[in-house]
Amino acid sequence: MAKKTGHVIDFASIKATMSDPYKKTFQIVDENAKIVNQELFDTFSDDQLVDFMKKMVWERALHEQTMNFSRQGRLGFYAPTYGEEASEMGSVSAFKDQDFLFPAYRDLPQLIQHGASVTQGFLWSKGNAVGDDYGETRNWFPQIIIGAQYVESAGAALGIKKNGEKDAVAFVYTGDGGTSQGDFYEGVNFASSFQAPEVFMVQNNGWAISVPRKTQTAAETLAQKGVASGVPAVQVDGMDVLAVYLATKEAREFAAAGNGPVLVETLTYRYGAHSSAGDDPSRYRTKEEEKPWFDRDPLIRMRKILTDKGLWSQDQEDKLVEEYKDSFKASMKEAENTPTQSVVDMLKTTFEEPTPQIKADIARFEAKESK
């Protein structure tokens, strides 16, 4: 006989348990570099393990060098990725060239891994239109408006379905703060309603600028935000590159097979400031709060695994970092030597067919620019 609660509907019980299916965080290697799922770990070859480490070292080196460029005044807006290497490299590695990427502004590393050049990443930061020309690659430019890329990607996912493309998906990134935006819900609901092939990536790095995750939404997990729209979701240890890769790969296969969209929440952390604009994290969080996350550093975790297997050394890593940074410096020189877009070129590409007013503006600026 059911226990009597005195209520027709026990909302307290519903609220207490509605997050339960999403709180089983998927993990393969824990924060102490201990393998907690040997069977899944053994599905990776030594070459794959080393490749993941190289990609994370590449991203951290890119962050460090890009921050140096920012301090020198050689770039515009830049959103640091320090701490999110496993979340970003693990996830983007699970997608294929034919998939459409819709990045947020913190996702330049994924954009580059998906076919853009480092030079284009720098040009985007500098506000040069050439940085948005990705040629034949299926990349969209990083979205500055929080969450707007979810709506854009949902349209692309529906396009994939309507065009009858096989083995292709749209994939999109946002942070924890992005899931509190209306565009997030609209994009998820739209893709789910049409059962479009899409993978929604939510990088839960703990902070929406200075607003902590716990105060921006009452949802216990961000993964569960997909359930109202009928989207299956999973929460993953975002500092475990192997877990992120396998969870995302499974999500992609599910969506590409015609089963509708999937949402993946990665639990990661933004070690530094929100952006190169100069917010100071010490004003809104403490060293005591940060320490457990630094202890979970994805590079430290993978470095220990590989070192124990005799596949990695500090000398090897130091040489790679030096090589990567040299290549980034060369890319910056290329970006700085790239001509900026003229006002006339901008006006000519605003619409496929310029309006009468724009035609007049083109003529006016052509006269100015010819002097």
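Here is a short walk through this predicted model, from its sheet to two residues with contrasting surroundings.

Let's begin with the sheet. Five strands make up an open sheet, and reading across it gives the order β1-β2-β3-β7-β6, with parallel pairing. The edge positions belong to β1 (100-102) and β6 (233-237); each has a single partner strand, so one side of each is left without a neighbour in the sheet. From one strand to the next, the twist averages 20°.

Now look at the pairing of β3 with β7. Strand β3 covers residues 198-204 and strand β7 covers residues 262-267; the two run parallel and are joined by 6 bridges. If you want a spot to orient yourself, find Q203, which stands opposite T266 in β7. Helix α4 (residues 85-92) lies across β3 and β7 as well as β2 (170-175), and its direction makes an angle of about 170° with β2.

Next, turn to the N-terminal part of the chain. There, V8, I9, F11, I14 and M18 make a nonpolar surface patch of about 570 Å². One of these residues, I14, sits in helix α1 (residues 11-17). Its relative accessibility is 42%, so I14 counts as partly exposed, falling between the 20% and 50% cut-offs.

Finally, visit Q224, in the loop that links α9 (213-216) to β6. Is this residue buried or exposed? Q224 has a relative accessibility of 10%, and because buried means under 20%, it counts as buried. Which residues does Q224 touch, leaving aside its neighbours within four places in sequence? Its contacts are M18, S19, Y22 and A219. M18 may look familiar, as it also belongs to the nonpolar patch.

Definitions and conventions. Residues are numbered from 1 along each chain as its sequence is written. This is a predicted model: local features need pLDDT of at least 70, side-chain atom pairs count only at pLDDT 80 or more; totals for chains, interfaces and linings use all residues. Side-chain values use heavy atoms; hydrogens and water are left out. Two strands pair if DSSP finds at least two bridges between them. Helices (H or I, at least four residues) and strands (E, at least two) are DSSP runs, numbered from the N terminus. Axes are lines fitted to C-alpha atoms, for helices over the stretch in contact, and angles run from 0 to 180 degrees between N-to-C directions. Contact means heavy atoms within 4.5 Å. Patches are made of residues with over 30% relative accessible area and no salt bridge: like charges are joined within 9 Å, nonpolar side chains (Val, Leu, Ile, Met, Phe, Trp, Tyr) within 5 Å. Accessible areas come from the Shrake-Rupley method with a 1.4 Å probe; for residues, only the protein chains shown count as cover. A salt bridge is a side-chain nitrogen of Lys or Arg within 4 Å of a carboxyl oxygen of Asp or Glu. Buried means under 20% relative accessible area, exposed over 50%, partly exposed in between (1.4 Å probe, protein chains only).
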